Amino acid sequence: VGGDFKIGAPTGIGITISTDGNVDSIGITTIAGGLLHITSATSPAIRLQDTNHVNSDFKIYSPDGHNQLRIYHENTSSDLVAIASGGLVGIGTNLPTSHNTTHSLQIHDDSNGQGYPRLRLTNIATGSATSDGFEISIDGNNLDAFIRQRENAGIKFLTNGTERFLIASDGKIYVGGNGASATSGELWFNDTSAYSSKIAQVSGS
């Protein structure tokens, strides 16, 4: 009564519950800034498992030899998310990279032996089905990049808080915006080659 509660061998305490409610694991009896402290020389981890659903076995851990925090899916033996100490975040990869070592969010996918990584944005108005929202993606082995508006709506480009360019839902392109928000727009072609810049019809009539 009045002291810490400890579980483990006398020479290597396993768990300590202190009088102020802190829980400490693996031999550390003082904690700064945390209610639960787990320490290990080989990948300390917390495991979360929902026994009411299959494929609901996850692990949050810090891998040995890496300055990272990872979320691991036990059922597929794969890291889902990795957060590196340098600020890089990887989804689908545990080794996120960035040009010139800047902070970035990297989304990696290798499904069907190719991979179709995508960033999807949805809200209440769009709905959240596979046919809803706005996407930026890469098309497998084709390597083409897609900007896809799945809704019957346009894509607007703004600079300095003002709409400058609009691709409308019917395919029309407006420079300077459209309607009440329209501003004066100019379309410039910077061409230093021997060929003059032009807009040309390539098919149809």
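Me: What makes β15 and β16 a pair of strands, and in which sense do they run?

Reply: In this predicted model, β15 and β16 are joined by 3 bridges and run antiparallel. Two strands pair if there are at least two bridges between them, so β15 and β16 count as paired. One position in this pairing is that of phenylalanine 165, whose bridge partner in β16 is valine 175. The hairpin of β15 and β16 has 5 residues between the strands, and glycine 171 takes a positive phi near 95° there.

Me: What makes β14 and β15 a pair as well?

Reply: Strand β14 (residues 155-159) and strand β15 (residues 162-167) are joined by 5 bridges and run antiparallel. The requirement is at least two bridges, and therefore β14 and β15 are paired. Isoleucine 155 has isoleucine 167 of β15 opposite it. Between the strands of the β14 and β15 hairpin there are 2 residues, and asparagine 160 has a positive phi near 50° in this hairpin.

Me: Why are β11 and β13 called edge strands?

Reply: An open sheet is formed by 3 strands in the order β11-β12-β13, with antiparallel pairing. Strands β11 (118-121) and β13 (145-149) each pair on one side only, and these are the edge strands. From one strand to the next, the twist averages 5°.

Me: How do you know that β12 and β13 pair?

Reply: There are 5 bridges between strand β12 (residues 134-138) and β13, in the antiparallel sense. Since at least two bridges are needed, the two strands qualify as a pair. Serine 137 faces phenylalanine 146 in β13.

Me: What makes the approach of asparagine 123 to threonine 126 a polar contact?

Reply: Threonine 126 is located in the loop between β11 and β12. A polar atom of the threonine 126 side chain lies 2.9 Å from the backbone nitrogen of asparagine 123. The limit for a polar contact is 3.5 Å, so this distance falls within the limit. With neighbours within four places in sequence left aside, threonine 126 is in contact with Asp132, Gly133 and Glu151.

Me: Why is the pair of tyrosine 61 and tyrosine 72 called edge-to-face?

Reply: The structure holds 2 aromatic pairs. In the pair of tyrosine 61 and tyrosine 72, the ring centres are 6.0 Å apart and the planes stand at 85°. Ring centres must lie within 6.5 Å to pair, and planes over 60 degrees apart count as edge-to-face; the pair is therefore edge-to-face. Distant parts of the chain are linked by this pair, with tyrosine 61 in strand β6 (residues 57-61) and tyrosine 72 in strand β7 (residues 68-73), 11 residues apart.

Me: Are these two tyrosines buried or exposed, and what decides the matter?

Reply: Tyrosine 61 has a relative accessibility of 9%, and tyrosine 72 has a relative accessible area of 16%. Buried means under 20%, so tyrosine 61 is buried and tyrosine 72 is buried.

Me: What makes phenylalanine 157 and phenylalanine 165 an edge-to-face pair?

Reply: Their ring centres are 5.6 Å apart and their planes stand at 70°. The centres are within 6.5 Å and the planes over 60 degrees apart, so the pair is edge-to-face. Partly exposed residues lie between 20% and 50%; phenylalanine 157, at 40% relative accessibility, counts as partly exposed, and phenylalanine 165, at 26%, counts as partly exposed.

Me: How do you know that lysine 59 sits over the ring of tyrosine 61?

Reply: The charged end of lysine 59 is 4.7 Å from the centre of the tyrosine 61 ring. The distance limit is 6 Å, so 4.7 Å satisfies it. Lysine 59 also lies over the face of tyrosine 72, at 4.8 Å from the ring centre.

Me: Why is serine 62 called partly exposed?

Reply: Serine 62 lies in the loop between β6 and β7. Its relative accessibility is 27%, which lies between the limits of 20% and 50%, so serine 62 counts as partly exposed. The serine 62 side chain reaches the backbone oxygen of glutamine 68 at 3.1 Å.

Me: Why is leucine 187 called exposed?

Reply: Leucine 187 has a relative accessible area of 53%. Exposed means over 50%, and leucine 187 is therefore exposed. This residue is found in the segment after β16 (173-175).

Conventions:
Residues numbered from 1 in each chain as written. Predicted model: local features only at pLDDT ≥ 70, side-chain atom pairs only at ≥ 80, totals over all residues. Heavy atoms only, no water. Helix = DSSP H or I, 4+ residues; strand = E, 2+ residues; numbered from the N terminus. Axes fitted to C-alpha atoms, helices over the stretch in contact; angles between N-to-C directions. Polar contact = N/O pair within 3.5 Å; in protein donor to acceptor, adjacent residues only side chain to side chain. Contact = heavy atoms within 4.5 Å. Phe/Tyr/Trp six-rings, centres within 6.5 Å; stacked < 30°, edge-to-face > 60°. Buried < 20%, exposed > 50% of the residue type's maximum accessible area, 1.4 Å probe, protein only. Lys NZ or Arg CZ within 6 Å of the ring centre and 35° of its normal.
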